[in-house]
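Good morning, and thank you for the time. I would like to walk through one model with you, from its overall layout to a few local details.

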Amino acid sequence: MLEDSIPEQLSSRKPFATELPSETPTGTSPALLLISRIVSIVFTPFMAPLFTFVILFFFTYLRVFPLSYKLYILSLVSAYTVFIPMLTIYAYQKLTGGGIRALKLRHKRFAPYLFTILSYIVCLITMYRMSLQRFMIGIILSTLICMILCTLTNLKWKISTHTASSGMMVGFLLSFGLYFYFNPILWLCGFILLSGLLGTARIVLRHHTLLEVSLGFFVGLFCGIIGFLFL
């Protein structure tokens, strides 16, 4: 009798679908949603280490390094901090069937975080064995620490890794100004604006709250400054 009283559309709903928030936030402009998705995809957290090396190699006095050397380091960083984590997470999502929407849930983020941390550790070990300069190892180590802090925070609260990565870029630029004796004011303005744009996009998409994007930014900022200068 009770089953007969349940509407057909509710009784046929998949269990997994009840766990996930709505994919399309209601009451929001479709154009704004599209822009927010594009910003989130283009400025993925995986790009932070690569952006950092590009800025150093092409916009500071480190541009005197041979092009072949710079491309080799960029390829190494891209492989371990962008492509391997993204491919691993994509394969995991295909195997589990959760899809990208599952990452909105705090408890669904542990495996992607773990894959990323392991890839960063391999990158760090590889760079250490190659005896690369301290600042290069420091960038990857700072990024690894940021990811570990995000993972530990995720045990209790969901934190935005998008704003953590942009906050880390701001911290790196402040550190570079002291370490490499150059004026990063234009880059700082750009990444501060990007941090606000990313935070807004994540809130519009309802992936995070204002507190979560703010916490992510300051965790990244801390790692970018303290991690790079004092490790």
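**An all-helical layout**

From the N terminus on, the elements of the protein chain run α-α-α-α-α-α-α-α-α. That gives 9 helices and 0 strands. Please keep in mind throughout that this is a predicted model.

Let me begin with the chain as a whole. Of its 231 residues, 46% count as buried. Among contacts between residues at least 6 apart in sequence, 77% join residues at least 24 apart. The accessible surface of the chain comes to about 12700 Å², and carbon and sulfur atoms account for 72% of that surface.

I turn now to helix α2, which covers residues 30-42. It has 13 residues and reaches 18 Å from its first C-alpha to its last, close to the 18 Å expected at 1.5 Å a residue. Which residues of α2 are buried? They are Leu 33, Ser 36, Val 39 and Ser 40. These four cover an arc of only 130° around the axis, which puts them on the same side of α2. The general background is familiar: an α-helix has 3.6 residues a turn, so residues three or four places apart point the same way. On the other side of α2, Pro 30 and Ile 41 are exposed. And what do the buried residues of α2 pack against? Their partners are α7, residues 161-179, and α8, residues 185-204.

Helix α5 offers a second case. It has 20 residues and reaches 29 Å from its first C-alpha to its last, close to the 28 Å expected at 1.5 Å a residue. Its buried residues include Tyr 113, Ile 117, Tyr 120, Leu 124 and Met 127. Polar side chains are also on that list, among them Thr 116 and Ser 119. The cover over the buried residues of α5 includes α3, α4, α6 and α7.

Following α5 we come to Ser 131, in the loop between α5 and α6. Ser 131 has a positive phi of about 55°, although it is not a glycine. As a general matter, most residues other than glycine have a negative phi. Ser 131 is exposed, with a relative accessible area of 64%. A second residue of this kind is Arg 206, where phi is near 60°, again a positive value in a residue other than glycine. Arg 206 is found in the loop between α8 and α9, the latter spanning 210-230. At 49% relative accessibility, Arg 206 counts as partly exposed.

Next, the end of helix α6, which covers residues 134-153. Is Thr 153, in this helix, buried or exposed? Thr 153 is buried, with a relative accessible area of 18%, and the cut-off for that class is under 20%. Leaving aside residues up to four places away in sequence, Thr 153 touches Ile 159 and Leu 215.

Finally, the surface. Phe 58, Phe 59, Leu 67 and Leu 71 form a nonpolar patch there, with about 380 Å² of accessible area together. Which helices each supply at least two residues of the patch? They are α3, residues 48-59, and α4, residues 67-96. Leu 67 has its place in helix α4 and is exposed, with a relative accessible area of 52%.

To close, I would return to two points: the buried residues of α2 lie on the same side of that helix, and a nonpolar patch lies on the surface. Thank you; I welcome your comments.

Key
Residues numbered from 1 in each chain as written. Predicted model: local features only at pLDDT ≥ 70, side-chain atom pairs only at ≥ 80, totals over all residues. Heavy atoms only, no water. Expected span 1.5 Å × (residues − 1). Buried < 20%, exposed > 50% of the residue type's maximum accessible area, 1.4 Å probe, protein only. Arc of directions from axis to C-beta. Contact = heavy atoms within 4.5 Å. Patch = residues over 30% accessible without salt bridge, like charges linked within 9 Å, V, L, I, M, F, W, Y side chains within 5 Å. Areas by Shrake-Rupley, 256 points an atom, 1.4 Å probe, with all protein chains shown as cover. Salt bridge = Lys/Arg side-chain N within 4 Å of Asp/Glu carboxyl O.
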